[in-house]
Amino acid sequence: MLNDQLRAALQHMPKAELHIHIEGSLEPELIFALAERNGVALNYASVEELRAAYAFTDLQSFLDIYYAGASVLLQEQDFYDMTAAYLARAEADNVRHCEIFFDPQTHTARGVPMRTVIDGIHRACQDSPVSATLILSFLRHLSEEDAFATLEAALPLRDKYIGIGLDSSEVGNPPEKFARVFARCKELGFHLVAHAGEEGPPAYISTALDVLKVERIDHGVRCLEDAALTARLAREQIALTVCPLSNVKLRVFDKMEQHNLLALLDAGLAVTVNSDDPAYFGGYMNDNFIATFEALPLGLSHAQRLARNSFAAAFLPAGQKQKYLDEVDAFFAAL
Ligand SMILES: [Zn+2]
């Protein structure tokens with residue numbers, strides 16, 4: 001059990017979220033409301049039935065229901081409402097800054113214009129008191145050609161997102177499949193990140209760094225299987241955006257007690273805690289912190305380190321980053 005001081009610190013400490021898929025923040029209630037507003041028929045009779053269907057067993061079975069949920073997003077206001085709902089939850093968890101993934105191909109493939117997607121999400125970010133920037137993510141189960149077409153369609157709106165990511169089904173879709181489009185994105189000056197080493201092998205982490213030239217690794221928990229890679233990640237302080245509840249829900253670890261978060265920290269890695277797809281995986285930022293700290297022998301010093309790491313790894317100007325780091329240190333100094 002957590003003591004009251006540690007629980008309160010986890011809840012109230014300033015923090016940044018660097019791994020959140022906005023489509024994965026769609027709660028069943030909002031899916032139903034948007035389906036009704038847009039006249040979309042769902043294969044579920046009620047909110048309860050939909051929520052019950054969230055008992056997936058692996059990444060693919062999760063992705064199947066994730067894409068079904070996203071089918072209710074049609075108008076700019078839908079994307080706005082989804083993002084505003086997430087940002088309100090983030091604010092309640094004392095998230096001060098977030099870098100939000102969005103998957104345009106999930107929407108453009110259904111005939112939704114790129115501008116509708118980006119404008120709706122971006123406008124909600126502008127309206128929120130939480131600092132929020134966007135990372136356009138390519139779906140790796142689709143082709144590199146499709147990623148290039150997506151980039152082309154999104155470039156007229158490039159002032160509304162700061163980075164490029166790579167997500168969806170990892171196994172069988174190695175980073176090098178997207179070498180050319182990431183090279184182009186690097187030329188264009190975007191920040192680069194990629195999911196790697198969640199279900200896929202540690203080699204995907206290496207190729208994400210060496211071939212795609214990413215600055216952060218999303219997940220990356222399987223790095224510990226490769227001692228040389230672990231040493232490199234520690235030496236270069238490559239941030240890992242770890243998502244504990246997601247890892248347990250998708251059976252990367254059977255139980256939270258088996259999660260390697262503490263081992264990653266002990267290896268000197270720049271670990272952060274994030275929610276991934278909070279509506280589907282059982283919780284937002286503070287739920288992730290509390291579940292992890294309840295299951296593992298972690299204390300206040302770990303909490304401070306994780307909060308610091310989240311801002312240190314953020315794509316923020318140096319002055320802004322330092323301001324947040326000072327806020328974290330002041331928060332813990334006052335305990
Ligand atoms: Zn993710």
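These are my notebook entries on a predicted model, covering its sheet, its annotated binding site and one helix pair.

**Ground rules.** I count residues from 1 along each chain as its sequence is written. Since this is a predicted model, local features need pLDDT of at least 70 and side-chain atom pairs count only at pLDDT 80 or more, while totals for chains, interfaces and linings use all residues.

**The sheet.** I looked up the strand order first. Eight strands make an open sheet, running β1-β2-β3-β4-β5-β6-β7-β8 with parallel pairing. The edges are β1 and β8, each with a single partner strand, so one side of each has no neighbour in the sheet. On average, neighbouring strands are turned by 25° against each other, direction ignored. For my own reference, strands (E, at least two residues) and helices (H or I, at least four) are DSSP runs numbered from the N terminus, and two strands pair if DSSP finds at least two bridges between them.

I then checked one pair: β5 (residues 191-196) and β6 (residues 216-219) run parallel over four bridges. Valine 193 has arginine 216 in β6 as its bridge partner.

**The annotated site.** Which residues does UniProt list for "binding site"? The unreviewed entry gives His19, His21, His195 and Asp276; such annotations may be inferred rather than shown by experiment. They span 258 residues in sequence, yet no two of their C-alpha atoms are more than 11.7 Å apart, so they gather at one spot.

I took two of them further. Histidine 19 sits in strand β1 (residues 15-21), and aspartate 276 in the loop between β8 (270-273) and α14 (278-281). Buried or exposed, I wondered about histidine 19? Histidine 19 is buried, because 29 other C-beta atoms lie within 10 Å (the cut-off is 20 or more for buried, 12 or fewer for exposed, partly exposed in between, with C-beta atoms placed from the backbone). Aspartate 276 is buried too, with 30.

Skipping neighbours within four places in sequence, I find histidine 19 in contact (C-beta atoms, placed from the backbone, within 7 Å) with Asp218, Thr241, Cys243, Asn274 and Asp276. On the same basis, the contacts of aspartate 276 include His19, His21 and Cys243.

**A helix pair.** Last, I looked at α16 (residues 300-312) and α17 (residues 318-333), which pack at about 170° with axes 9 Å apart. Axes are lines fitted to C-alpha atoms, for helices over the stretch in contact, and angles run from 0 to 180 degrees between N-to-C directions. The two helices are therefore roughly antiparallel (over 145 degrees). Among the residues meeting there are Leu300 and Phe311 in α16, and Leu325 and Phe332 in α17.

Conventions:
Parallel < 35°, antiparallel > 145°, perpendicular 65-115°, else oblique. Contact = placed C-beta atoms within 7 Å.
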